[in-house]
Amino acid sequence: MSNHDRKLLNTETVLSIPLKKTNPVELYLPLRKLVASAYSESDAEKVESVLETLNKCRRDMVERRGDLSLPMQRDCLIHYFKCLCMVEPLFTSLSADADADSIIFVWYDAFNPEHKDGVSSQRNAIQLEKAAVLFNIGAIHSQIAASCDRTTALGRHLAMDAFRVAANFFDILWKDFAKDVVSATLDLTPLFAQFLHYLFPAQASELELQQQLNNNDASNAFQKHECAGEFVSVSLDA
């Protein structure tokens, strides 16, 4: 491949999406109060380490975003999502009138930050939080893909993988979470999650087409590219 071709490959536009922003929330003290009031002080002591980890993960996700590389932001989001899954029973089983402070998660639309969701009911709060974090995991993978050096075979391969992983997370958001979230922002609606799920495999297919063309396998490349384009078109029109 000529140097001119390499420059063209890396300057061709690929789409990545911004992360949703959120307000800081103190989780440790309110959740510990919930456990102590609904169960016992000894039970609260048993879950202290989990709650401290949860609180730290969210604080890192919110406050250290600018200090972390894209892969480290990804790892932070995934770790926090796993912690959320561990403590989800606290949100779903404890009474909203328990003797503890209310937890309000506020998330802003990724594309229109003036719009926001704010949810305090325990069931809805954890669903919004998990859906928003899933969105950001998908978004950060799209940014990782766009940051890859697409002038090299390895860079294109890494970008394709990252776009496909992004698509998988938006598929989970679309099929398992968005339908259960009462969202005031467009980015967490099922239709938008579905759109993103189909967008990123199409971008991976575009990179695969470029790679196959560079390998002089034009007929196979165009066949695969045509099939991918038809699939996306049919899926979005359905």
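The structure holds 2 cavities of 30 Å³ or more, a cavity being a set of points, on a 1 Å grid over the protein atoms alone, where a 1.4 Å probe fits but cannot get out. The model is predicted: local features need pLDDT of at least 70, side-chain atom pairs count only at pLDDT 80 or more, and totals for chains, interfaces and linings use all residues. Residues are numbered from 1 along each chain as its sequence is written, and side-chain values use heavy atoms, with hydrogens and water left out.

The largest cavity encloses about 40 Å³ of space, where a volume is the space filled by probe spheres set on the points, joined across faces, edges and corners. Its lining, made of residues with an atom within 4 Å of a point, consists of Leu19, Asp60, Met61, Arg65, Leu68, Gln73, Cys76 and Leu77. Two or more of these residues come from each of α4 (48-63) and α5 (70-93), helices being DSSP runs (H or I) of at least four residues, numbered from the N terminus. The largest share, 3 residues, belongs to α5.

A search of the whole structure finds 0 disulfides, a disulfide being a pair of cysteine sulfur atoms within 2.5 Å. For the two cysteines tabulated below, the sulfur of cysteine 83 is too far from its closest cysteine sulfur for a bond, and so is that of cysteine 85.

| Cysteine | Closest cysteine sulfur | Relative accessible area |
|---|---|---|
| Cysteine 83 | cysteine 57, 4.1 Å | 5%, buried |
| Cysteine 85 | cysteine 83, 9.2 Å | 34%, partly exposed |

Here buried means under 20% relative accessible area, exposed over 50%, and partly exposed in between (1.4 Å probe, protein chains only).

Note on methods
1 Å grid on protein atoms, 1.4 Å probe; cavity = no way out; pocket = protein on both sides within 12 Å on 5 of 7 lines; lining within 4 Å.
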